[in-house]
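Work through the following exercises with the sequence and the model at hand. Try each task before reading its solution.

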Amino acid sequence: MNIHKNIKKIGSEVLLNEAEALKKIAGLLDDNFENCVKEILNLKGRVIISGIGKSAIIANKIVATLNSTGTPSIFMHAADAIHGDLGMVQDDDLVICISKSGNTPEIKVLVPLVKRTGVKLAALVSNTKSYLAENADFVLDATIESEACINNLAPTTSTTAHLAMGDALAVALQEVRGFGSEDFAKYHPGGALGKRLYLKVDEIVSLNEKPKVQEDTDFREVILEISTKRLGATAVVDKEGKLKGIITDGDIRRTLEKHNDTSQVKASDIMGANPKTLEIGSYATEALSALQENDITQLIIVEGDKPRGFVHLHDLLKEGII
C-alpha cells in the first residue's frame, strides 16, 4: 500500500479517461444507431437486453431507463438464456446483447440461438470485429482505447460507455416518440419526482383553509380572518362571490402604520385590486413558477371569476415540489 500517492489525481484521471471515451464514442454513432432506433419504434413487442457479469448490471439499468421512458423492456441474463430463459423471446421482440469483447463463451452460444428465433439482434460492443458484432443486425459501437483501471482489466470505462450508449438509445426513442412530461408522470407516481409531474393545485387547496371576506368587511374582521386561517392573506369578494382583490399581512402592517384609527377602514380600502391567480386544475409546478416570477408567497386559486382557495409557498415545500 502506498498512501503517499496523489489520490485526488488518480480520481481525476479516471473521470477524464471516461469523459474522453464518451466524446469519442459520440463520433462513432452511425446509421446502425439510427436504424436500431427506428426498428425499436416499430416494434410490436419488447426490447430484451442481455449480458453477463458487469454487462448484466448495465443491461438492467438500461432496461429500467427504457421502461421509464416509454419503451417496454426486460432483462435476460446471457447464462440463464441458454438454460431456458430464451423462452421469454417472442416473435415481435428485439434483443440487445451487451459485451465488451463480444467473444465470451456464453455470447457465442447465445447468438445463434437468438438468430434462430428470427428476431432482430443488436450488439452493444467495444469490439466491432467480434463474433457478436459480425452476427448482429445492428452494431452499437462503444469502442474504447483502455479501461480506467490501472491494469486495463476491470470494466470501468467500457461499462460507462455501454451505460451512456443505453441512455442515448432511450432518449432518442423518447424524443422521436414525443414522450412528454405527462407520459413520464404515469411511470413515476411516487416520491418528489412524481409529485412534481402530476400533483395539481386542487389537492393542495382542498387541505387548506379558504380565507375570504366581503368588500365592506371592517378592518378588525379582516385581521381575524387572516389570523385564524393562517395563510397570511385573504381573498376579497363582492356580494356575488366574485374575486375583487387580496389582502396580505403586509397590507395589514401598512394600514396600521398609516392610520391611527382603523375603525372606518374596510377591506376594499386596503386590498390589492389585481391579485395573482391560477385556475383550478393547474399543476403545482405552475403554481411554483407563478410564485417565483411574481416574488410572492401565496396565490389565489380560482374557478372562473370566483376564488376556490389558496396555495402557499410552504405547501409546495411540504409536498417536495421545491
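The exercises below concern a predicted model.

**Exercise 1.** Compare the reach of helix α3 with its expected span, and list its buried residues.

Solution. Helix α3 covers residues 54–68, which is 15 residues. The expected span takes 1.5 Å times one less than the number of residues, and this gives 21 Å for α3. From first C-alpha to last, α3 reaches 22 Å, close to that expectation. Next, apply the cut-off: buried means under 20% relative accessible area. The buried residues of α3 are Ser55, Ala56, Ile58, Ala59, Ile62, Val63, Thr65, Leu66 and Ser68. After the helix comes Gly70, with a positive phi near 95°.

**Exercise 2.** Determine the sign of phi for Asn152 and for Arg230, then classify the exposure of Asn152 and of Arg230.

Solution. Most residues other than glycine have a negative phi. Asn152 has a positive phi, near 55°, and sits in the loop between β5 (138–141) and α7 (157–177). Arg230, also not a glycine, has a positive phi of about 60°; its loop joins α11 (219–229) and β7 (233–237). Exposed means over 50% relative accessible area, and partly exposed lies between 20% and that value. Asn152 is therefore partly exposed, because its relative accessibility is 38%. Arg230 reaches 73%, so Arg230 counts as exposed.

**Exercise 3.** Locate Lys276 and describe its surroundings.

Solution. Lys276 belongs to the loop between α13 (267–270) and β9 (277–279). Its relative accessible area is 42%, so Lys276 is partly exposed. Leaving aside residues up to four places away in sequence, Lys276 touches Asn294, Ile296, Leu299 and Ile300. Ser130 is 146 residues from Lys276 along the chain, and their C-alpha atoms are separated by 63 Å.

How values were computed:
Residues are numbered from 1 along each chain as its sequence is written. This is a predicted model: local features need pLDDT of at least 70, side-chain atom pairs count only at pLDDT 80 or more; totals for chains, interfaces and linings use all residues. Side-chain values use heavy atoms; hydrogens and water are left out. Helices (H or I, at least four residues) and strands (E, at least two) are DSSP runs, numbered from the N terminus. Buried means under 20% relative accessible area, exposed over 50%, partly exposed in between (1.4 Å probe, protein chains only). Contact means heavy atoms within 4.5 Å.
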